[in-house]
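Let's take a walk through this one together, starting with how the two copies meet and ending with how their helices pack. Have the viewer open and follow along.

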2 protein chains.
Amino acid sequence: MRMAELSERSGVPTATVKYYLREGLLRPGRRISATRAVYDEEHLRRLRLVRALIQVGRMPVATAREVLVAVDDEKLDHHSRIGAAVWALPDDSPAAPPEDSAREAAARLADELLARLGWTFGLASRDDSPAYRMLVGALAGMERSGYPCTLADLLPYGRAAGELGAVDLDMVERYETGSGQVEAAVALTVLYEPVLLGLRRLAEAEESNRRFGKAG
Amino acid sequence: MRMAELSERSGVPTATVKYYLREGLLRPGRRISATRAVYDEEHLRRLRLVRALIQVGRMPVATAREVLVAVDDEKLDHHSRIGAAVWALPDDSPAAPPEDSAREAAARLADELLARLGWTFGLASRDDSPAYRMLVGALAGMERSGYPCTLADLLPYGRAAGELGAVDLDMVERYETGSGQVEAAVALTVLYEPVLLGLRRLAEAEESNRRFGKAG
């Protein structure tokens, strides 16, 4: 397809597609003349992923580029790339504060939780994972804020996340090709995050109403 | 207690406490002389909440002030304030794009989901809730990104959120006073969000490893 059709089918304006091409977020099309190039379904799929990361996930271009490097990492076998790409999604929490006793205690608590859940990953050292650092940073922040939490508080969170992880991988497996699955894993991870946070807040309002609200 | 002890016990530097006082995020202490004031346990608790919202939840000061208005709303009965305060927590997703067909379809899907979950809230019109707008905005973004989702995809998310809502309210009920509970509801909602997102990403990596990873 030509650029105009790629833009039309993705809903991404031509100027934005050209910007993504210049920034290396989208591979060049196949040249058919000095001024013309054609694009295929893979371009369309990649464009959707880039749009999801940047426009919905509000990722900076440089960060999206790093995520795509993990998505395209041919050194990994076809399927481990799914875990690796999600594992490497950046943490947009505040910059990690200096190591302190709260952070050490948080890392111990996180490790205890992952051991209880039986999660071993098998991919890489968990310390390299932004997702792991996000968890530890959040637990340290709770400790520092005077709202410490315990393993018992965290277990239901871990179990709920585990159920959603399986649901997410089911969605990923609907995509047929290997690279389609890797891209979907990254896109669905990012796109469902505000869904999950919004639903949790609504669930709290609902639960509060059930427990404390005036009947009628 | 004096300002120095308030700072020491909360871990918030004196200069920051003074800034929160000037910005009206913390009520003035009780004056004991022209230059001295004393603070109590309620000040300490409020200071922890403000710290959680601003430092961990990265909320702008003006937004934190709005949240505290909901927390302190005396027009509501003691307990409905919990739901109302969480309900009113701001959505930091990108500014809502103009109404379009994706947004209309997303609102219908969200309403269908809430009906299936049996959530009625009983607080106010759901359209006024940032949490509801966050959900609808996220669903519209998925549609626009070419990753549409269905009611069947969303139900496990709704059920997981419902379970966590009950867990969260159990944590809130550990606090004894009414205003302590409202403050805890807001703080715990914000503080557990990165915990939940980090755990879901780790769960996906774990699940991917289980399904596709090389044994050993």
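Two residues are in contact here if their C-beta atoms, placed from the backbone, lie within 7 Å. With that in hand, the interface reads easily: 100% of the interface residues of chain A are also interface residues in chain B, so the copies meet through the same surface. Keep in mind that what you're looking at is a predicted model.

How far can you trust it? The model scores ipTM 0.88 and pTM 0.87. Chain A has a mean pLDDT of 87, with 94% of its residues at 70 or more. Within chain A, helix 8 of chain A has the highest confidence, at 96, while helix 5 of chain A has the lowest, at a mean of 77. As a general caution, where pLDDT is low, the predicted coordinates should not be read in detail.

Now for the layout of a single copy. Chain A is built from 9 helices and 2 strands. Going along the sequence, the order in chain A is α-α-β-β-α-α-α-α-α-α-α. Measured out along the principal axes, the C-alpha atoms of chain A fill a box of roughly 65 × 50 × 30 Å.

Next, put the two copies side by side. In general, two copies of a chain are related by a rotation about an axis and a shift along it. Here, chain A lands on chain B after a rotation of 180 degrees with 0.0 Å of shift along the axis, at an RMSD of 0.0 Å. That is the relation of a two-fold axis. Which residue of chain A comes closest to the rotation axis? The answer is Ala160(A), whose C-alpha sits at 2.8 Å.

The meeting surface itself involves 75 residues of chain A in contact with 75 residues of chain B. On the chain A side, helix 3 (41-56), helix 5 (80-87), helix 7 (130-144), helix 8 (151-172) and helix 9 (178-212) each bring at least two residues. Helix 9 of chain A supplies the largest share of that side, 25 residues. Sorted by class, the side of chain A that touches chain B has 41 nonpolar, 18 polar and 16 charged residues.

Zoom in on helix 8, since Ala160(A), the residue of chain A closest to the rotation axis, turns up in its contact with the partner copy. Helix 8 of chain A and helix 8 of chain B pack at about 175 degrees, with their axes 10 Å apart. That makes helix 8 of chain A roughly antiparallel to helix 8 of chain B. From chain A come Asp153(A), Pro156(A), Tyr157(A), Ala160(A), Glu163(A), Leu164(A), Val167(A) and Met171(A), and they meet Asp153(B), Pro156(B), Tyr157(B), Ala160(B), Glu163(B), Leu164(B), Val167(B) and Met171(B). The residues of this contact divide into 12 nonpolar, no polar and 4 charged.

Helix packing inside a single chain is worth a look too. In chain A, the axes of helix 3 and helix 9 come within 10 Å and cross at roughly 20 degrees. That makes helix 3 of chain A roughly parallel to helix 9 of chain A, and their crossing is left-handed. Helix 3 of chain A contributes Arg45(A), Arg46(A), Leu49(A), Ala52(A), Leu53(A) and Val56(A), while helix 9 of chain A answers with Gly180(A), Glu183(A), Val186(A), Ala187(A), Val190(A) and Leu191(A). By class, that contact has 8 nonpolar, 1 polar and 3 charged residues.

For the last stop, hop over to chain B. The axes of helix 4 (residues 61-71) and helix 5 (residues 80-87) of chain B come within 8 Å and cross at roughly 160 degrees. That makes helix 4 of chain B roughly antiparallel to helix 5 of chain B, and the crossing is right-handed. Val67(B), Ala70(B) and Val71(B) of helix 4 meet Arg81(B), Ala84(B) and Ala85(B) of helix 5. This contact has 5 nonpolar, no polar and 1 charged residues.

Technical notes:
Residues are numbered from 1 along each chain as its sequence is written. Chains are lettered from A and ligands numbered from 1 in the order in which they are written. This is a predicted model: local features need pLDDT of at least 70, side-chain atom pairs count only at pLDDT 80 or more; totals for chains, interfaces and linings use all residues. Helices (H or I, at least four residues) and strands (E, at least two) are DSSP runs, numbered from the N terminus. Ala, Val, Leu, Ile, Met, Phe, Trp, Tyr, Cys and Pro count as nonpolar, Asp, Glu, Lys and Arg as charged, and the others, Gly among them, as polar. Axes are lines fitted to C-alpha atoms, for helices over the stretch in contact, and angles run from 0 to 180 degrees between N-to-C directions. Angles under 35 degrees count as roughly parallel, over 145 as roughly antiparallel, 65 to 115 as roughly perpendicular and the rest as oblique. A crossing is left-handed if the near helix is turned anticlockwise from the far one by less than a right angle, and right-handed if clockwise. Copies are superposed by least squares on the C-alpha atoms of residues with pLDDT of at least 70 in both. pLDDT is the predictor's confidence in each residue, from 0 to 100.
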